[in-house]
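Here's a quick tour of the structure you're about to see. Have a scroll through it first, then read on.

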Amino acid sequence: HTPKMAEEVEQRVEEFITYLAQKKNCVHSSYDVARRTVLFLRDIVSKTKWSNPRELMERVRRDGKRLISIQPGESTIGNMVRRVLKIIREELARCLRGSEDFETKDSLHTMLKGGGDGDDYSKPVPNLKGAVIEAILELLGEIEESANNIAAQALDHIHANEVIMTVGYSKTVEAFLKGAARKRKFEVIVAESAPSYQGQQLARSLAQSGIDTTLITDSAVYAIMSRVNKVIIGTHTVMADGGLKALNGAHGLALAAHHHSVPVLVCAAMFKLSPQYLCAYDQDTFNKIVAPHDIMSFAEGDLISKVHVQNPVFDYVPPDLIKLFISNIGGNAPSYVYRLISELYDADDRDL
């Protein structure tokens with residue numbers, strides 16, 4: 001490992017930090033953040049100097065925490081750091097025991113045996129680097145194909161002549177609806193999601209693809225919900241309890257759907273699954289509060305000096321309002337999220 005390689009990795013860290021800091025008041029695309037994080041972690045594995053698994057994991061954790069501190073609300077970074085740590089643990093176990101008798105840490109037999117494998121982390125392991133890089137590239141492929149894998153399931157959930165409602169703009173939902181529109185005719189109603197008005201972008205895109213689309217204001221959601229068959233939304237993060245950290249307006253939409261007994265389907269790739277829970281009193285960590293000028297401009301000086309305006313980006317949607325998650329590995333109920341989390345992340349990495 002040359003000093004040039006270490007310099008290159010440090011440069012990548014700085015570039016990534018700049019990318020995150022530039023848009024401090026914007027919502028990054030979770031896909032972009034996940035992809036960039038995994039590519040960055042691949043560079044750490046391949047280009048930094050480490051002699052045993054423990055040193056590698058400490059390096060991944062250290063740089064991961066550094067990135068998280070720039071954007072604490074961007075849970076995708078932490079998710080990908082945990083996925084890579086789990087990959088290192090699994091590939092280490094494979095290298096040490098051979099693939100035939102490899103068993104996961106969570107298996108009942110291992111739990112009953114109670115044997116720890118902590119000692120193995122401090123010994124150099126030949127072939128580990130190649131195995132970890134290969135597994136990271138598989139993870140990268142999974143992330144890049146996730147939207148297509150979700151869209152491929154569209155025909156199982158959208159039927160002819162149905163009325164679908166959604167809110168805001170989600171690339172995954174856009175691909176999902178367009179995937180179904182290739183073979184089915186249905187109508188989509190899009191709530192515009194003020195004050196960002198992202199719904200207008202989705203409505204325009206769907207209409208250009210020949211889908212019968214109606215754009216409505218957020219205040220009209222409840223009035224129209226009675227003629228809707230399904231609500232399909234995207235989300236920024238899926239929390240550990242099966243709740244959502246979704247774009248502002250999603251909670252109101254889900255409540256209206258619940259009142260009218262309309263099922264709510266959530267399109268979310270596995271990289272959005274977070275082992276964190278929402279603390280209702282800790283909105284600063286959970287939510288992102290942006291400048292209020294979209295709601296009330298500074299031209300209204302007399303009024304603005306007398307009020308305190310908060311403009312949150314996200315809503316928390318509790319799991320009991322959601323019928324089904326559609327991910328790149330299939331459909332699951334919110335109650336099954338805990339099991340998916342235990343498969344994706346190691347219990348020792350919950351707190352980085």
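What follows goes from the overall picture to the cores, one helix at each end of the numbering, and a few single residues.

## The big picture

Keep in mind that this is a predicted model. The protein has 14 helices and twelve strands, and buried residues make up 47% of its 352 residues.

On the outside, about 17,200 Å² is exposed, with carbon and sulfur atoms supplying 51% of that area. As for how the chain meets itself, take the contacts between residues at least 6 apart in sequence: 79% of them join residues at least 24 apart.

## Two cores

The largest nonpolar core holds 60 residues, and the members touching the most other members are V60, I158, F176, L177, F186, V188 and I232. Helix α6 (residues 128-151) puts in the largest share of this core, nine residues. There is also a second, separate core of 35 residues, with A254, M270, L321 and L340 among them.

What does I158 touch, once its neighbours within four places in sequence are left aside? The list is I164, F176, L177, A180, R184, F186 and I232. Of these, F176, L177, F186 and I232 also appear among the best-connected members of the largest core.

## Helix α1, one face in

Helix α1 (residues 3-22) passes a simple geometry check: at 1.5 Å a residue, its 20 residues should span 28 Å, and the end C-alpha atoms are indeed 28 Å apart. Its buried residues are V9, V13, F16, I17, Y19 and L20. Looking down the axis of α1, you'd find these buried residues within an arc of 160 degrees, so they line one face of the helix. That spacing fits a general rule: an α-helix has 3.6 residues a turn, so residues three or four places apart point the same way.

The buried residues of α1 pack against α2 (30-47), α3 and α4. Over on the other side of α1, P3, K4, E7 and Q22 are exposed.

## Helix α14 and A240

Near the end of the numbering, helix α14 (residues 337-344) has V337, L340, I341, S342 and L344 buried. Their cover includes α4, β5 (237-238), β11 (324-327) and β12 (330-332). One of these buried residues, L340, is also a member of the second core.

A240 ties in here from the loop between β5 and β6 (244-247). A240 and I341 sit 101 residues apart in sequence, yet their C-alpha atoms are 7.3 Å apart in space. Leaving out neighbours within four places in sequence, A240 is in contact with V337, Y338 and I341, and also with S274, P275, Q276 and Y277. Its relative accessible area is 8%, so A240 counts as buried, the cut-off being under 20%.

## A buried glutamate

Is E74 buried or exposed? Its relative accessible area is 3%, so E74 is buried. You'll find E74 in the loop between α3 (53-70) and α4 (75-97). Beyond its neighbours within four places in sequence, E74 is in contact with H28, S30, V33 and H236.

## Cysteines

How many disulfides are there? The count comes to zero, taking sulfur atoms within 2.5 Å as the rule. Two of the cysteines make a handy contrast: C95 is partly exposed at 31% relative accessibility, whereas C267 is buried, with a relative accessible area of 0%.

How values were computed. Residues numbered from 1 in each chain as written. Predicted model: local features only at pLDDT ≥ 70, side-chain atom pairs only at ≥ 80, totals over all residues. Heavy atoms only, no water. Core = buried A, V, L, I, M, F, W, Y, C linked by side-chain atoms within 4.5 Å. Buried < 20%, exposed > 50% of the residue type's maximum accessible area, 1.4 Å probe, protein only. Helix = DSSP H or I, 4+ residues; strand = E, 2+ residues; numbered from the N terminus. Contact = heavy atoms within 4.5 Å. Expected span 1.5 Å × (residues − 1). Arc of directions from axis to C-beta. Areas by Shrake-Rupley, 256 points an atom, 1.4 Å probe, with all protein chains shown as cover.
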